[in-house]
Amino acid sequence: QEAIEAIRERLKVLLVSDAEESRIDWISRNDDGRGGSSSGRRPSIVLNSAPLNVGPELDGGLFSQKSSVILTSATLSTQGSFDYVRERVGLADAGELHLGSPFDYANAAMLLIPEDIPMPDVWGYQQAMEKLVVELGRSLEGHVLVLFTSHAALRGTARAVRGPLEAEDIRVLAQGIDGSPARILANFAKDPKGVI
């Protein structure tokens with residue numbers, strides 16, 4: 001009974017009240033995007049809530065609890081400055097070290113930005129994206145990493161390109177569908193003839 005009451009109160013805050021302007025609340029469906037979950041269980045509705053400003057929570061739960069904390073990532077700085085991440089995580093006083101990459105991107109990677117397909121908010125974009133991924137996968141015999149900003153676009157594209165690419169012995173590995181990022185990368189490292 002207490003759990004049901006807690007859910008009812010949270011729904012009231014999510015759907016009716018605007019009192020918690022310091023939080024972002026949303027409802028999502030937890031499944032594989034095909035109307036059922038990959039584990040065979042029925043899809044569930046998930047109530048999500050996150051603070052708009054994570055600084056105080058990070059400080060209380062992490063930074064102030066440790067004598068030192070090291071944050072490391074390839075994307076912490078913006079145009080050589082750490083100001084953005086400092087503001088977002090609430091770090092007023094911290095040392096910084098910006099290192100170059102040890103990877104030879106110029107010879108080991110290629111970034112492609114298609115200019116001949118519709119913008120994402122225009123009709124026909126999804127089909128054009130799917131066609132482009134199939135063409136790239138075929139011409140490069142795999143060795144392709146495709147990045148998405150939308151889980152729905154990722155799932156739709158994976159579903160559409162899987163058949164044509166796998167018919168040519170090019171595996172399609174999609175995050176959240178074919179395993180965790182670590183598992184997918186490990187499989188790709190063993191056999192790069194694939195599209196992630």
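Start by selecting Thr 157, which is buried at a relative accessible area of 3%. Here buried means under 20% relative accessible area, exposed means over 50%, and partly exposed lies in between, with a 1.4 Å probe and protein chains only as cover. Thr 157 sits in helix α6. Helices are DSSP runs of H or I with at least four residues, strands are runs of E with at least two, and both are numbered from the N terminus. Now show what surrounds Thr 157: leaving out residues up to four places away in sequence, Thr 157 touches Gln 126, Met 129, Glu 130, Val 133 and Phe 148. A contact is a pair of heavy atoms within 4.5 Å.

The model on screen is predicted, so local features need pLDDT of at least 70 and side-chain atom pairs count only at pLDDT 80 or more, while totals for chains, interfaces and linings use all residues. Residues are numbered from 1 along each chain as its sequence is written, and side-chain values use heavy atoms, without hydrogens and water.

**The whole chain**

Zoom out and colour by secondary structure. The chain has seven helices and four strands, in the sequence order α-β-β-α-α-α-α-α-β-α-β. Of its 196 residues, 21% count as buried. Among contacts with a separation of 6 or more, 44% are between residues 24 or more positions apart. Switch on the surface: the accessible area of the chain is about 14800 Å², and 55% of this belongs to carbon and sulfur atoms. Such areas come from the Shrake-Rupley method with a 1.4 Å probe; for residues, only the protein chains shown count as cover.

**The second largest pocket**

Next select Leu 145, Val 146, Leu 154, Gln 175 and Ile 196. The second largest pocket has a volume of about 410 Å³, and these five are the closest to its centre among the 21 residues that line the pocket. The elements giving two or more residues to this lining are α6 (151-166) and α7 (181-190). Helix α6 supplies the largest share, five residues. By type, the lining holds 16 nonpolar residues, five polar and no charged.

Some terms need their limits. On a 1 Å grid over the protein atoms alone, a pocket is an open set of points with protein on both sides within 12 Å along at least five of seven lines, whereas a cavity is a set where a 1.4 Å probe fits but cannot get out; lining residues have an atom within 4 Å of a point. Points are joined across faces, edges and corners, and the volume is the space filled by probe spheres set on them. Nonpolar covers Ala, Val, Leu, Ile, Met, Phe, Trp, Tyr, Cys and Pro; charged covers Asp, Glu, Lys and Arg; polar covers the others, Gly among them.

Select His 151 with Gln 175. Their C-alpha atoms are 9.1 Å apart in space, and the two residues are 24 apart in sequence. His 151 belongs to helix α6 and is exposed, at 59% relative accessible area.

**Salt bridges**

Side chains of opposite charge can pair when their charged atoms come close. A salt bridge here is a side-chain nitrogen of Lys or Arg within 4 Å of a carboxyl oxygen of Asp or Glu. The whole structure contains seven of them.

- Select Glu 5 and Arg 8, whose closest N and O atoms are 3.0 Å apart. They are three residues apart in helix α1 (residues 2-15), which separates them by about one helical turn. Glu 5 is partly exposed at 34%, and Arg 8 is partly exposed at 46%.
- Select Glu 168 and Arg 138, a salt bridge at 2.6 Å, N to O. Glu 168 is in the loop between α6 and β3 (171-172) and Arg 138 in helix α5 (residues 125-139), so the pair ties together parts that are 30 residues apart in sequence.
- Select Arg 171 and Asp 191, where the N to O distance is 3.8 Å. Arg 171 is in strand β3 and Asp 191 in the loop between α7 and β4 (194-195), so this pair ties together parts that are 20 residues apart in sequence.
- Select Arg 162, Glu 166 and Asp 178, which salt bridges with shared partners join into one network.

**Two backbone angles**

Finish in the loops. Glu 141, in the loop between α5 and α6, is not a glycine yet has a positive phi, near 50 degrees. Asp 169, in the loop between α6 and β3, is also a non-glycine residue with a positive phi, about 65 degrees. Asp 169 is exposed, with a relative accessible area of 56%.
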